[in-house]
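User: Hello! I am new to protein structures and would like to learn how to read one. Could you go through some features with me?

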Amino acid sequence: MSVDDSRPIWIQLVETFSRNIVTGEWTAGSKIPSVRELALTTGVNPNTIQRALSQLDASGLTVAERTQGRFVTTDRALINDTQQDLASQATDAHIDAVSALGLSLDETVALIRERWASSSS
């Protein structure tokens with residue numbers, strides 16, 4: 001995981017773990033790695049991992065079962081809503097970036113179409 005020093009690591013982890021869920025890397029209903037495993041694979045302090053996972057629990061994306069571990073929600077509507085939220089955030093960041101470069105909407109759409117076509121071939 002690459003870390004952005006301008007933002008708290010736990011927030012970046014929430015985003016990364018959320019992406020793992022919406023992309024199906026962590027499938028609905030599946031058990032996710034333990035805090036210790038995630039700390040080892042990400043190189044992040046276990047307390048920071050726990051903070052991020054607590055946020056996912058609070059949002060409903062994960063459910064902690066006291067003796068069994070932590071699992072991804074089976075609520076597909078929540079997963080889909082989260083996917084839309086992440087896509088909206090990425091789109092807003094893209095709009096900000098291309099607007100700052102002076103591109104118009106038409107130029108931006110044309111560029112997206114071009115890049116989309118080249119990335120799917």
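User: Let me start with one residue: is Asn20 buried or exposed?

Analyst: Happy to help, and please keep in mind that this is a predicted model. To judge burial, we look at relative accessible area, and buried means under 20%. Asn20 has 11% relative accessibility, so it counts as buried.

User: Where is Asn20 found, and which residues does Asn20 touch beyond its sequence neighbours?

Analyst: Asn20 sits in helix H1. Not counting residues up to four places away in sequence, Asn20 touches Glu25 and Trp26.

User: How does Phe71 rate: buried, exposed or partly exposed?

Analyst: The category between buried and exposed runs from 20% to 50%. Phe71 has a relative accessible area of 21%, so it is partly exposed. Phe71 belongs to strand E2, which covers residues 69–72.

User: Which residues is Phe71 in contact with?

Analyst: Once neighbours within four places in sequence are set aside, the contacts of Phe71 include Gly29, Ser30, Lys31, Leu61 and Val63. For a residue pair you can also look at the separation in space: Phe71 and Pro46 are 25 residues apart along the chain, and 18 Å separate their C-alpha atoms.

User: What should I know about nonpolar cores?

Analyst: In soluble globular proteins, nonpolar side chains tend to be buried together. In this model, the largest nonpolar core has 19 residues, and the members that touch the most others are Phe17, Trp26, Ile49 and Leu53. Helices H1 (9–22), H2 (35–42), H3 (46–59) and H4 (76–100) each supply at least two residues of this core. H1 gives the largest share, six residues.

User: Which residues does Phe17 touch?

Analyst: Leaving out residues up to four places away in sequence, Phe17 touches Trp26, Leu38, Ile49, Ala52, Leu53 and Leu56.

User: How is the protein divided into domains?

Analyst: There is domain 1 (9–74) and domain 2 (77–120). Their centres, taken over C-alpha atoms, are 26 Å apart. Domain 1 brings 10 residues to the contact and domain 2 brings five residues.

User: What is the area buried between domain 1 and domain 2, and how many salt bridges are counted there?

Analyst: About 610 Å² is buried between the two domains, with carbon and sulfur atoms giving 81% of that area. The count of salt bridges between domain 1 and domain 2 is zero. Residue pairs in polar contact across this interface, with both at pLDDT 80 or more, also come to zero. On the domain 1 side, H1 gives the most, with four residues touching domain 2.

How values were computed
Residues are numbered from 1 along each chain as its sequence is written. This is a predicted model: local features need pLDDT of at least 70, side-chain atom pairs count only at pLDDT 80 or more; totals for chains, interfaces and linings use all residues. Side-chain values use heavy atoms; hydrogens and water are left out. A nonpolar core is a set of buried Ala, Val, Leu, Ile, Met, Phe, Trp, Tyr and Cys residues joined through side-chain atoms within 4.5 Å. Buried means under 20% relative accessible area, exposed over 50%, partly exposed in between (1.4 Å probe, protein chains only). Contact means heavy atoms within 4.5 Å. Domain bounds come from an automatic or database domain assignment. Buried area is the accessible area (1.4 Å probe) that two parts lose on being put together, summed over both. A salt bridge is a side-chain nitrogen of Lys or Arg within 4 Å of a carboxyl oxygen of Asp or Glu. A polar contact is a pair of N or O atoms within 3.5 Å; within protein, one must be able to donate a hydrogen and the other to accept it, and residues adjacent in sequence count only if both atoms are side-chain atoms.
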